[in-house]
Amino acid sequence: MNAFTALLKRDLLLAYRNRGELANPMLFFIIVVSLFPLAVSPDPSILEGMAAGVIWVAALLSTLLSIERIFRSDFDDGTLEQILLCPQPLPILMLAKVSAHWLVTGLPLIIVTPLLALLLHLPEGTLGILMLTLLLGTPVLSLVGAIGVALTVGLRRGGMLLTLLILPLYTPVLIFGANAVQAATMGLDVTGQIYLMSGLLVLSLTLAPLAIGSALRVSVS
Amino acid sequence: MSLIAKDLEYARDDRALFTGLNFTINAGEVLQIEGPNGSGKTTLLRILCGLINADGGEIYWSDQDIQKDRYDYSNNASYIGHHDGLKGDCTPLENLALSHALSSSKENFSAHEALEKVGMGGFEHQLCRTLSAGQRRRVAIARLLNSPAKLWILDEPFTAIDQAGISNLESIITEHAHADGMVILTSHHQVNLPEINFSTLVLGQTTNTQHY
Amino acid sequence: MLQWLHKLASPKIFYNLASRLIPWFGWSTLLLLVYGLYGGLIEAPADYQQGDSFRIMYIHVPAAWMSMFIYLVIAFHSAVFLIWKITISDILARVSALIGASFTFIALVTGCLWGKPMWGTYWIWDARLTSELLLLFIYLGYMGLGSAIEDRRVAARACALLAIVCVVIIPIIHYSVIWWNTLHQGSSVSVMNKSAIDTSMLIPLLVMAIAFKLFYVLVVLMRARTELLFQERKTNWVRKLIQEK
């Protein structure tokens, strides 16, 4: 537990010292979302229908962009080797890395979501559901994405490959997340979707750290 | 306490870097691995610390296979590779604090003592990326002193270090060996360790080293 | 049993066995393909609703089955490789990927072709085809990872790990896509009406399915044999083999 907090604190400290970069995933998120009214139509009745989907796709792309850095600098400066060699359970350390990443990139997305909901005329009363699904879904995106990064971190040009590896795996989160909001718009019950997303979160919280650790052991060799 | 390598074997592409490699290091001994570029020195060190799996053979730490009992070995072995393993945006003290939190609670020297010993006293609170390559190397050495590790595995530890730093590191190694520690290192520099049990292992003699 | 399996996993024995099995699989595949195609394309009566266009099912359905089946085979061999470090399993998994991806592609293309007379358009985001499309992406990612990593040993372990991660997620993807589809177009006509299929149509379909499976085994054996020779090219038994030829 000591090691978990130490690593989490270090990553948060590093993020704080590079706070100029901190806003980038969030800005990306906002910009992508604001492109849609320009490309499709500023008509509120059209925007309303696609608001949830657009916000979810943008959150997914933003996570994809930022997740690549989760192990990059550790790999380059050799601290990743030190982490792999230390006498601590690796999955716990991986959970610390992913938690730090989510706190720095996932949480800000949720915080700016009300603003984007406003821009896209998200129907009244569904903002809460949207934020709840993002809260349950974005950690899953970080966890699953980190597996892909762990597999490709040793490659010089892993960027496109990473996209190919993890985007198909993101579809369940996208489907349940966007759908819950759409169902809420129509006044339907969304407990089912919320439970399913919680299930995905629990599943990935337990299994992904194991996979990330094993993948890193393979990549750093 | 000893490290035993048995029949180690590793090939890169089609070329065997080494086969049937055997050696033993006991407490208080220093082993230097020599060989031309591309002879597999770094690879051997990475196999020894468990980052790479050998194609064949076993490594025993205190008669335990390190692949099976990682915990005890990783508590007792410490590695410095080509990269220093330091975060540029952290100070030396913060870097040492993290490594210490990741290892067990025991330590040979406190962080301040360790930095003092490698001649980095006074730089505790400066970001590592503002330090020179040689200074960062020294901080990495301080990390070893700050850890409980008995076995040090050092890949080119003398790189980028100035003359005074080299003799300082040599005395640190000597002191570690006298305290029943063990060191495995590679170096192109003529290592000067007169007072201790020192041996060398030469790679790349029996194998074909013409193309890389 | 375990000993027997272990013996089979030795490259030389596997190679010899594969060489002996290949003609058997080759002929039986050919035989069943001819019979299945004849039964499906000529003998089976035309569908009362779909006319002759339903006959594409004899390619589409077995190919779709194979696309899923081969991924399971890959995941199984990946697990065997990671646990027991059996090289043959790595080879079998890696050579299966291209065949699996091809079957997935065939299933997609035939699905689109079938969709045109059925729905009036090539693509309507049907649940099965959508999940085939995602499966194709996963196959491509798996193959991409394998070819991007230079060191063979690293590539083998990385691919095996990826295959196992994906096999956990694929059912989730599959069912989430089906669930999504029923929400959005619950009324669309399903191409496969399981209950309505007549025996005279079913038998050729099953024959085709078996033929596709045999064809898969045949191609895997052939490709694995080549791959094995390449990987073991420094060993004595391969050198001897080359000298004999």
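This is a short chat about chain A, its contact with chain C, and two residues of chain C in a predicted model.

Biologist: Before we start, what kind of model is this?

Modeller: This is a predicted model, and the values we will go through were computed from it.

Biologist: How many helices and how many strands are there in chain A?

Modeller: Chain A holds 10 helices and zero strands, and from the N terminus on its elements therefore read α-α-α-α-α-α-α-α-α-α, where helices are numbered from that end.

Biologist: And what is its radius of gyration, set beside that of a compact globule?

Modeller: Chain A has a radius of gyration of 18 Å, which agrees with the value near 17 Å that a compact globule of 221 residues would have. Taken along the principal axes, the box filled by its C-alpha atoms is roughly 55 × 35 × 30 Å.

Biologist: What share of the residues in chain A is buried?

Modeller: Of the 221 residues in chain A, 57% are buried. If we look at contacts with a separation of 6 or more, 81% of those in chain A are between residues 24 or more positions apart.

Biologist: What about the surface and the charges?

Modeller: The accessible surface of chain A is about 8900 Å², and carbon and sulfur atoms account for 70% of that area. As for charges, chain A carries 10 positive and 11 negative side chains, with 14 Å between the centres of the two sets.

Biologist: Changing topic, how much area do chain A and chain C bury between them?

Modeller: Together they bury about 2200 Å², and 84% of this lies on carbon and sulfur atoms. A:L151, A:L169 and A:V218 supply 24% of the area that chain A buries against chain C, which is more than any other three residues.

Biologist: And how many residues does each chain bring to that contact?

Modeller: Chain A gives 26 residues and chain C gives 28 residues.

Biologist: Let's look inside chain C, then: is C:Q231 buried or exposed?

Modeller: C:Q231 has a relative accessible area of 15%, so it counts as buried, the cut-off being under 20%. C:Q231 sits in helix α7, which covers residues 199-231 of chain C, and, leaving aside residues up to four places away in sequence, C:Q231 touches C:T87, C:I91 and C:R152.

Biologist: Where is C:A79, and why is it called partly exposed?

Modeller: C:A79 lies in helix α3 of chain C, residues 57-84. C:A79 is called partly exposed because its relative accessible area is 26%, which falls between the cut-offs of 20% and 50%.

Biologist: How far apart in space are C:A79 and C:W125?

Modeller: From C-alpha to C-alpha, C:A79 and C:W125 are 33 Å apart, while in sequence they are 46 residues apart.

Notes: Residues are numbered from 1 along each chain as its sequence is written. Chains are lettered from A and ligands numbered from 1 in the order in which they are written. This is a predicted model: local features need pLDDT of at least 70, side-chain atom pairs count only at pLDDT 80 or more; totals for chains, interfaces and linings use all residues. Side-chain values use heavy atoms; hydrogens and water are left out. Helices (H or I, at least four residues) and strands (E, at least two) are DSSP runs, numbered from the N terminus. The radius of gyration is taken over C-alpha atoms; the globule rule is 2.2 Å times the number of residues to the power 0.38. Buried means under 20% relative accessible area, exposed over 50%, partly exposed in between (1.4 Å probe, protein chains only). Contact means heavy atoms within 4.5 Å. Accessible areas come from the Shrake-Rupley method with a 1.4 Å probe; for residues, only the protein chains shown count as cover. Lys and Arg count as positive and Asp and Glu as negative; His and the chain ends are not counted. The place of a charge is taken as NZ of Lys, CZ of Arg, CG of Asp or CD of Glu. Buried area is the accessible area (1.4 Å probe) that two parts lose on being put together, summed over both.
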